[in-house]
Every structure is written in C-alpha cells, then in structure tokens.
Amino acid sequence: MKAFALIPLTICLGFTACEKQEERMLIEETRRVTSKDTKPKLFATSDERFRDAKPSPFKGDAPENWLTLPSSQMRILNYRFGESGMGEVYLSVSGGGVPDNVNRWLKQFGSKPLSPADFSALEKVEVVGTEGVWVEMAGRFDAGPMGGAARSGFALAGVVADVGGRILTIKMIGPKPEVEAEKEELRQYIGSLQVTGN
Amino acid sequence: MDAELKNKGKDREKSVLRKVYDFLSSLKLATALLLLLLVLTWLATLEQIDQGLYLTLRKYFSWQSLAFFPEINGKRVPVLLPGGYYVSALLLVNMILGGLVRIRKGPKQIGNLISHFGIVFMLLGGGVAHHFSERGNMAIGEGEMADVAEDYFEYVIEVSEVKDGENDGFHVIRGKYLTKLDGGDSQIFDFDGVPFSLNISGYLKNAVPVSSLERAPAEGELVTDGYYLASKPSEVTTERNTAGAYARVIFEDGEKSSPFILAGASFQPFTVRDGDRVFTVDMRKRLWPMPFEVELDTFTADFHPGTSRPAKFVSDVRRVENGQDSEVTIQMNEPMRYEGFTFFQASYGPPGAGPGDTMYSVFEVVRNPSDKWPEYSLYVVAFGMLVTFLTKLGSHLGAASRKRKKNA
C-alpha cells in the first residue's frame, strides 16, 4: 500500500527533474538587400520606433507638475496632470470654425449651443499672436462613444482660436478641483505657446 | 455451402463498391456540384462586401474550410455549406471517373473525352494555384526602379547585420512559424553567422504598439519600455492588418535581453549590439526579390471627363536583366509575363490623385505555376466541343444520305 502511495510522488519528482526545454529552430532562409530597403536608423527609441515622430508645429513652456506624453495623431502636444491621473491637457488642430468647436465642447457637458450674443461675450485671450476665446464648463463630462464612460464632477477649461485658417484648441479636462487648481497654470502655458514653423 | 455464402458476400461487397462508384461518377452528382459551386460563388460575392475579399475567399474556398455557415448583411444564414475546395475536389473525382473512365469509348465520344480532359486540367490548375501561387505588389514612381515585390499578407521577422551603416542581407523567419506562436507558445530561432538567438512569443495577427502612459493595458499585456501590444480585430481589408510579437535576444553566453516589441506598424527596427557587431531586428511584410529590375519610364492615366475616376491606366516599363533592357507596356488586361512572374496593372497612387498630379504605378505580382493552365484548358475544352459538334454533324449528314439512298 505504501508503495502505491509513493507512485504520485515519484511521478512529480520525475516531472520536476525534466525541465521543459524550449524548442529551437535554425532559420536558413535569407534574402538579399533590395530597392525597398533603406538605410536603417540604429538604436531608435521606442517612441521613434512606434511613432512617426515629426517636429511639433507648436511649442510651449509646460509647468513642471505636468507629465509630458508622446504626441498622437489627434494631440500635437499632450500632457497629464493631477493626483487622480485623470487630468489631461492637449493641443489639437481641428476643422470647422471657432463657434463649432466651442459648442462641441459644451455639448460634451450636455449644454446647449451658444447664441451669437453669448459667443461674443466669451472672454478673449491671446494665443500664438492671435485672439482666441476662453471656455470653462463643469458638470457631467461625456465625450461620446469614442471617449469612454461619462464622468461626473468634471470640469473643462481651454481656448479655441482661428490661427491662419486652422482651428487651434488647447483643452484642459479633468476632475473639477484639479482643473480649478491648474487653471492659472493653463493660462500661463497658453501665453507661452509659439509656432515653431515645422 | 460455405463457398456459396462467401461468393454471395463478395457480390454484396462488390455491389456496395459499385454503388459508390456509380454515385461518384454520376451526371447527377456533377450537376449538383456545379450548382453548389454557383451558389458558393454567389454567396461569397455577397459576403465579401462586409467581410473583405481575403477572409471570404479563405472561408469559402480554402482547403482549411471543410464546412461553414454563410453570413450575409452581418446575419448568419443557418445553412451549413461545404467548402468550395472540397466541392471542387469532388467534382474533379467525378470528372475523372464519369467523364474519362466510365464514359462510353468510341470514335463518337472522342470530342466529349477531350472536353472532359480539359475540365479536369482546369480543376487541377485551380488546385495548383491554391496551394502554390503567391501574390504581392510592387509600387514604382516614374523614373524609379524596383527589384522586389511585397507580399500582401505575410508578416516575417528579419535579422540583419549592419556594416558601414547599411544592412548586409537578411535572415528571414517566415510567417508560418510566427502565426503558431499566438497563444502562450514561444520559439527560439537560430541563424547562421549570427551570434545570438531570438525567442519569439505572443504573436498577434493585428496589433499596434500603444504607450502605457496614454492608455493603460486593459488585459494585462506585457509593457516593455513604456509600450505594449494592443490587439485589434482583423481589418475587413485583411492586407491592412499589422502583426506584432514580443521578442528577447539570447546571447551566446545564455544571457537574455529584456523583452521588446516587434511590430508591423513600427517605423524603425530594433537594434542589437553584440560586442562590436550591430544587427537590426524588424517585423515587416515579406519581400520577394525579383531576378530582374523593373523601371517605370512613364505612367499614363486617362480620366473620365471632369472626374478623378480613371478610364485607363498604362505603364511603360523597362525590364533590366543582366545589363539588357526590354521595353514592355503593362495595362489593364495586358500583363507582363516573365520568368514565372506575372505583373498586372493593379492601381496607382497617391490616393485621390487627378490629372496633372505626379503619380506612381502599382503592379500586382503573381507567381503561379499554373498561371496559363486555365487558358490552355479552355482551348482543350473548346477543341473537344468542336470535335463533338463535327462528329454529330457527320453522323447526321451520313444518316440523312443513307435515308435518301434507301428512299431512292
């Protein structure tokens, strides 16, 4: 009976003794250099490998407590801020007009579009040598199907400006207390923005 | 008594085999299979609108598809259909047994025999193309030269030593070895003359590298150097898929590097330094070097008036091999065939280009051992039908003449 009890133990020991060897394969197929092969960029960083990193057409002095993120197709300059990790600031170039973009932001908080009179009453701020409108909003933020779940207690602050026919937007979005705390930093950042000419 | 029973058993066995043979060689089966192929082709044409051509062709006609449910307008049709490959294979058996073996032999049947042989040849050609043909594309701008085609679908991993800043030939891990590594499996690959091995795992057929700072990994993906591979559903246009995998370098002393990402969607290769030697490791669509160069002299596109829709596009190319030039014109329905490759005029770019824009020409390059078989088989079938027609005509005229003589 004792001998039978030893069988599972022996099997277990047998398996642990035979450590699984990973399979190896010798690759014999080769190809020559062709007209499609270009000079390789050596020791590229992950950002260089996975993003078609192009010089940004805008630059600004971001506060030290903002985390600079890689740019993306929709975000030319991209930052994160605040303790919650949900605060975001990003600069984009959009289509449409200034009122269209302001109303798009308002819609994300469930607000109705502005009348021409309300639009004219918006605070004006200077950005890259032109005049933009300052927008603030708070409440339940719903960026639509592509923006994830709606979030309550959020706030928005930012600027929309027409820069040489292109609509420049600088948007700060996040939990209301964190946006309130960073609003002045945002104003200074907007004031520091420059066109790089790239 | 026993011998009698044995003989009866043999007779029964024979009759079962005979029944199978009769069924496989019957005209009814041929008709049913041809109708089935017609239905499959019709349904595939409808389904490819939503699913894309490549996935639909694989589902309906690949040898890997034994049976399937069609899906039209996103809705599954509850009818299990046999794969087109096996319908064609059964039709081939039917044609050989019924159209060549079982058919009555005689002078009057020669035409039918020839036609059936042509159909068998055509079906065989389809099988050879299915298993052995390759397709890719080659894009060339005016005044430019190309000596390579790029596969539409197959992603490979290439390892290359860099000498004087340039790649010095490539070791190629083919896609068939990578697609098996899509679960938790991994594989170590060694290369002649390369002082390290590669351990590849986590292959994804469609994936993009995502920065974990931008979007946290949702399913526990491995993050390496701030990035992870996010899996995506297959694109409708399958050639737009970008594969990805994780890799580690294993040096000769057994030391392993940190894992890194190889992605079809990357812009630069990964670099490995081993002592004073430098190598690149990259994932990309497979390239097939051609045994000759193709230079695009001029590309002409005629557009429908007032639109960007081409009425006709023509590429005048020079094929250069061993220092000798040949001028060839490639246009729609007039491909260039040379050394087993066929160059079809496929499209042009850039997208949306119109009259007066600088454009490039795109050729579909096909390597198909049975490229001309369908054409030859059609000649054979047509010749067989002509013989049948003439034989029938001869018989008819002979019978009429005999009848006239008899009446006279």
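How many residues lie between β15(B) and β16(B) in their hairpin? I began my notebook with that, keeping in mind that this is a predicted model.

**Entry one: the hairpin.** I found two residues between the strands, and Gly275(B) in the turn has a positive phi of about 65°. I then looked at how the strands pair: β15(B) covers residues 270–274, β16(B) covers residues 277–303, and five bridges join them in an antiparallel arrangement. For one facing pair, I noted Thr271(B) opposite Thr280(B).

**Entry two: where the chains meet.** I looked up the contacts between the chains and found 29 residues of chain A touching 40 residues of chain B. On the chain A side, β1 (24–27), β2 (30–31) and α2 (46–50) each supply at least two residues. I sorted that side by class and got eleven nonpolar, five polar and 13 charged residues. Strands pair across the chains too: β1(A) runs parallel to β9(B), residues 186–191, with four bridges joining them. There, I saw Arg24(A) standing opposite Ile188(B).

**Entry three: the cores.** Nonpolar side chains tend to be buried together in soluble globular proteins, and I went looking for such groups here. The largest nonpolar core has 34 residues, and Ile157(B), Ala245(B), Leu262(B) and Val281(B) touch the most other members. Strand β10(B), residues 196–204, gives the most to this core, with five residues. I followed Leu262(B) a little further: leaving out residues up to four places away in sequence, its contacts include Ile157(B), Ala245(B), Phe270(B), Val281(B) and Met283(B). I also noted a second, separate core of 30 residues, with Leu91(A), Val160(A), Ile170(A) and Ile173(A) among them.

Note on methods: Residues are numbered from 1 along each chain as its sequence is written. Chains are lettered from A and ligands numbered from 1 in the order in which they are written. This is a predicted model: local features need pLDDT of at least 70, side-chain atom pairs count only at pLDDT 80 or more; totals for chains, interfaces and linings use all residues. Two strands pair if DSSP finds at least two bridges between them. Two residues are in contact if their C-beta atoms, placed from the backbone, lie within 7 Å. Ala, Val, Leu, Ile, Met, Phe, Trp, Tyr, Cys and Pro count as nonpolar, Asp, Glu, Lys and Arg as charged, and the others, Gly among them, as polar. A nonpolar core is a set of buried Ala, Val, Leu, Ile, Met, Phe, Trp, Tyr and Cys residues joined through C-beta atoms within 7 Å. A residue is buried if 20 or more other C-beta atoms lie within 10 Å of its own, exposed if 12 or fewer, and partly exposed in between; C-beta atoms are placed from the backbone.
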